[in-house]
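Visitor: I would like a close look at a single part of this model, namely one helix and the way its neighbours pack against it. Please take me through the contacts slowly and in order.

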Amino acid sequence: METGIWSISKNKYLTEEELKEFENLVMRDIKIARLPQHTQGNSSKITPEEKQELLANKHIWMYCLHSVRRELELQMSQYKLDKSEKQIELNSTTNPQLISELKEWLLVKGKWRVQAMKMLSIVEQKVVYLKTLTNQIAVKS
């Protein structure tokens, strides 16, 4: 008996390798949406066939988006905890080199947080898009 996630377009269960490929496709779709149109290279764009694969497997696409969202939320929670620790350390030290290192860490991680928030926003937009598609299909049926 096969187990895994059911693929409508392939009419079978996906293997772990196929699921990983699909997850990579979803990540490319998310990452390309972050880039301004003029900086998107042809190699990173989603082809029409790949877009059809995503649309044919909306439930797997949604699963992958939720998985990415949870991972981002976990990382952002960890960031918040780490930031608090670094802030306490910064407030309690008088070592100039350590102060400089902590401020640099806060700056770098602050930039990371902005990028993570952008990515989270794109994931949420894609979830809404999928829900809209699903509702449109349900209404037509």
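Guide: What follows is a walk around helix α1 and its partners. The model is a predicted one, and its protein chain has four helices and two strands, which run β-β-α-α-α-α from the N terminus on. Of the 141 residues in the protein chain, 26% count as buried, and among the contacts between residues at least 6 apart in sequence, 65% join residues at least 24 apart.

Helix α1 covers residues 16-34, and it packs on helix α2, residues 48-56, at an angle of about 110 degrees, with the two axes 11 Å apart. Because angles of 65 to 115 degrees count as roughly perpendicular, α1 is roughly perpendicular to α2. The crossing by which α1 passes α2 is left-handed. On the α1 side the contact is made by Phe 22, Leu 25, Val 26, Arg 28 and Asp 29, which meet Glu 50, Lys 51, Glu 53 and Leu 54 of α2. Sorted by class, the residues of this contact comprise four nonpolar, no polar and five charged ones.

The second partner to consider is α3. The axes of α1 and α3 come within 10 Å and cross at roughly 70 degrees, and the two helices are therefore roughly perpendicular to each other, with a crossing that is right-handed. Here α1 contributes Leu 19, Phe 22, Glu 23, Val 26, Met 27, Asp 29 and Ile 30, while α3 contributes Ile 60, Trp 61, Tyr 63, Cys 64, Leu 65 and Val 68. By class, the contact of α1 with α3 holds 11 nonpolar, no polar and two charged residues.

Phe 22, Val 26 and Asp 29 of α1 take part in the contact with α2, and Phe 22, Val 26 and Asp 29 are also listed in the contact with α3. Trp 61 touches each of these residues, and, leaving aside residues up to four places away in sequence, its other contacts are Lys 51, Leu 54, Leu 55, Tyr 129 and Leu 130.

The interior can be described in similar terms. The largest nonpolar core has 25 residues, and those with the most contacts inside it are Phe 22, Val 26, Ile 30, Trp 61 and Leu 65. At least two residues of this core are supplied by each of α1, α3 (58-92) and α4 (96-140). Phe 22, Val 26, Ile 30, Trp 61 and Leu 65 also belong to the contact between α1 and α3.

Notes
Residues numbered from 1 in each chain as written. Predicted model: local features only at pLDDT ≥ 70, side-chain atom pairs only at ≥ 80, totals over all residues. Heavy atoms only, no water. Axes fitted to C-alpha atoms, helices over the stretch in contact; angles between N-to-C directions. Parallel < 35°, antiparallel > 145°, perpendicular 65-115°, else oblique. Left-handed = near helix turned anticlockwise from the far one by under 90°. Contact = heavy atoms within 4.5 Å. Nonpolar A, V, L, I, M, F, W, Y, C, P; charged D, E, K, R; others polar. Core = buried A, V, L, I, M, F, W, Y, C linked by side-chain atoms within 4.5 Å. Buried < 20%, exposed > 50% of the residue type's maximum accessible area, 1.4 Å probe, protein only.
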